[in-house]
Amino acid sequence: MAKFLYRVGRFAFEKRRLVVVLWLGIMAALVAGAASAPTAPPDTFSIPGTESQQAFDLLAERFPGTKSDGAQARIVFVAPDGQQIGSDANRAAVERIVSEVAGGAQVKGVLDPFQTGAVSKSGTTAYATVNYGVTPNDLTDATKTALNDAIEHGKASGVTVEVGGSALMPEPEMGGATEAIGIAIAAVVLMITFGAFAAAGLPLLTALIGIGVGIAAIVAIGMSTTTTTLAMMLGLAVGIDYALFIVSRYRTERAEGYSAEEAAGRAVGTAGSAVVFAGLTVVIALAGLAVVGIPALTKMGLAAAGTVAVAVTIALTLLPALLGFCQRAVMPKAFRKALAARADGTTVAAAAGPDEKDEMGTRWARFVVRRPVAVLLIGLVGMGALALPMTSLELGMPGDESQPTSTTQRRAYDALAAGFGPGFNGPLTVAVDVQGVADPKGAVRQASRILSGTKGVVSVSPAVFNQAGDAAMLNVVPATGPSTTETKDLVHQLRGEAADLKSATGATMLVTGATAMNIDVSQKMADALLPYLAVVVGLAILLLMVVFRSIAVPIKAALGFLLSVGAAFGVIVAVFQWGWLAELIGVHQTGPVMSMMPIFLIGVVFGLAMDYEVFLVTRMREAYAHGESAGDAIVTGFRHSGRVVVAAAAIMIAVFSGFVGGGEPMIKMMGLGLAAAVFFDAFIVRMTLVPAVLALLGDKAWWLPRWLAKVLPNVDVEGESLDRIEQVEPERELESARV
């Protein structure tokens, strides 16, 4: 592989104008395709194989006029202090708002609270339900404006009016200004690392081009824009990192006396090999999200995997082409002066790049190698302490209760909970299939009695039959809130009682609704966790065996990843469940951790953790393969890669931290979890625990049974085969340096 990538790098360098034009053409074609592509329908969230989904499918089939995914607004009215919502003045204000909203073009129907009895027992609170004939993503600005205008008119009359539901749900924001700050921090880190504007700018430029190509391709092939969230986040981070490692290796090769063209080839042949395998681990982790069996998550993972593959391809082709246009500009100022002095005939030694001059990584590596047991014990105890909060992890799907109190959705949630009870915000929908039943109405009455008699149920609505009379729908209000353990137990209890109804009447009772679906999502995620880990970790260990030709190194890499994930989840639980420093990042309400977070974080962090493992340990493997002792190889690996790995981690942390500024709790959780995981994995696991373990293992770290060595392909990731390539004469270096 090293020879192949070496040729790719040299070809891209030599034909740099052609390569740049080809990439610009590809990006232009994809952007044009994305602009002309019809708007993709929004992804409908489904969880095949669950009772919630079965019930939704049944209702969609038997009640063809209804849309289970249609937008809904719940307008909550609260009378002024000391007044009743049913007084003449307040009732007139409510009815005026209901009438105004009902005239909307996309409105399917509005339920007047005084006609449906949707008034609290205290008489101070009422609500009107507005059903729309389209999904929340399809609501027009005119429809939303009309709803907001009606609300403002109601407030003018003195009645408190708030709106919950999906109609005014904000679109997830990806960080805004804070994301730009993250990119700016990345630029500063690159400038400090390289000390040259061109060297700092190339990784940013290629990463942005990679994101543009990846996102345009996602839209052009008809995937919805909701799949781009993860792709944008990861594409930016890995795009910068992959280019960073190749540029750093190019500078090292140039400092050793190779021509610009030869240095570009060798950089792609060595660091590029590490990029390929690092990228493969990320792609495996993201594509493995398909194991969960949730279509929306599968699409998101595949879109992000495609964007990572684009980042790898750009790093191997476009980057060496761009290096051809700034051969000396990417080098340190001291090196450029030395090269100019040599061209004038003076004898000034070429300065080494910053990677050679920096001794901090070398000193740290020697410290760890001398005291591996103490370093390992301290690191393990520290990571274990950070992971302790994970034992209190609670999964759920946060709703309006997690919104800031400044939002109308949160105020509507609180008003409904105060007026009607906490369970009113998480009603359950029960579908009863009575097709082929001898007494359909009797079976539905029996179902209603079972539901009403269950402890924890506050009320059951009258059954609504479809036109064919072979299905009915009931609404059940629990006594507890939607994200509580009691409500989860109630859902399981109701589903258990469905067997009694089936045996007595032959009718099938299914429990669904947003609350039940959230419970099913959490269960599906928990059930998929072990198979997902087995598939992803197993494939990655095999891949790393091929890369490092070792058994201990891949296993150690996987165990270190588990430590990083555990510590990251400890931080998430402490902030989002326990509320530690929550206000600092704009989290106004604690609650359960998003159900998708474990699978999502494990997949993404595993790929990123293997990035650092590959980049750092391949230089150790390269030194060991060239004859250094096991201990010296660790120090050499740090001398060449330690500074760059630190810079790469700092960039990742900056990029992910930018998403903590997003308005949505989900985006905040993703950003904080990823930033924490990268910090723990890069600085504690890879930079501390890994060298300690390798120092303890010594030569055994690189042991591979002979029979396995014969079976595994030798991909030459350390670039040993490049040593047989005839070196470029020093005189040619000056000639090729002139652009």
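These notes describe a predicted model of one protein, from its overall build to a sheet and a surface patch.

1. The protein has 739 residues, and 55% of them count as buried. Its secondary structure consists of 25 helices and 11 strands. The C-alpha trace spans about 100 × 50 × 45 Å along its principal axes.

2. The accessible surface comes to about 30000 Å², and carbon and sulfur atoms hold 61% of that. Among contacts in the protein with a separation of 6 or more, 79% are between residues 24 or more positions apart.

3. One open sheet is made of four strands, in the order S2-S3-S1-S4, with antiparallel pairing. Strand S2 (107-111) and strand S4 (160-165) are the edges; each has a single partner strand, so one side of each has no neighbour in the sheet. From one strand to the next the twist averages 20 degrees.

4. Within this sheet, strand S1 (residues 72-78) pairs with S4 over six bridges, in the antiparallel sense. Ile 75 stands opposite Val 163 in S4.

5. Helix H6 (residues 141-156) lies across S1, strand S3 (125-132) and S4. The helix runs at about 150 degrees to S4.

6. A nonpolar patch on the surface is formed by Val 291, Val 535, Leu 539 and Leu 542, which together have about 310 Å² of accessible area. Val 291 sits in the loop between helix H10 (260-287) and helix H11 (295-325). Its relative accessibility is 35%, so Val 291 counts as partly exposed.

Methods: Residues numbered from 1 in each chain as written. Predicted model: local features only at pLDDT ≥ 70, side-chain atom pairs only at ≥ 80, totals over all residues. Heavy atoms only, no water. Patch = residues over 30% accessible without salt bridge, like charges linked within 9 Å, V, L, I, M, F, W, Y side chains within 5 Å. Areas by Shrake-Rupley, 256 points an atom, 1.4 Å probe, with all protein chains shown as cover. Salt bridge = Lys/Arg side-chain N within 4 Å of Asp/Glu carboxyl O. Helix = DSSP H or I, 4+ residues; strand = E, 2+ residues; numbered from the N terminus. Buried < 20%, exposed > 50% of the residue type's maximum accessible area, 1.4 Å probe, protein only. Pairing = 2+ DSSP bridges. Axes fitted to C-alpha atoms, helices over the stretch in contact; angles between N-to-C directions. Contact = heavy atoms within 4.5 Å.
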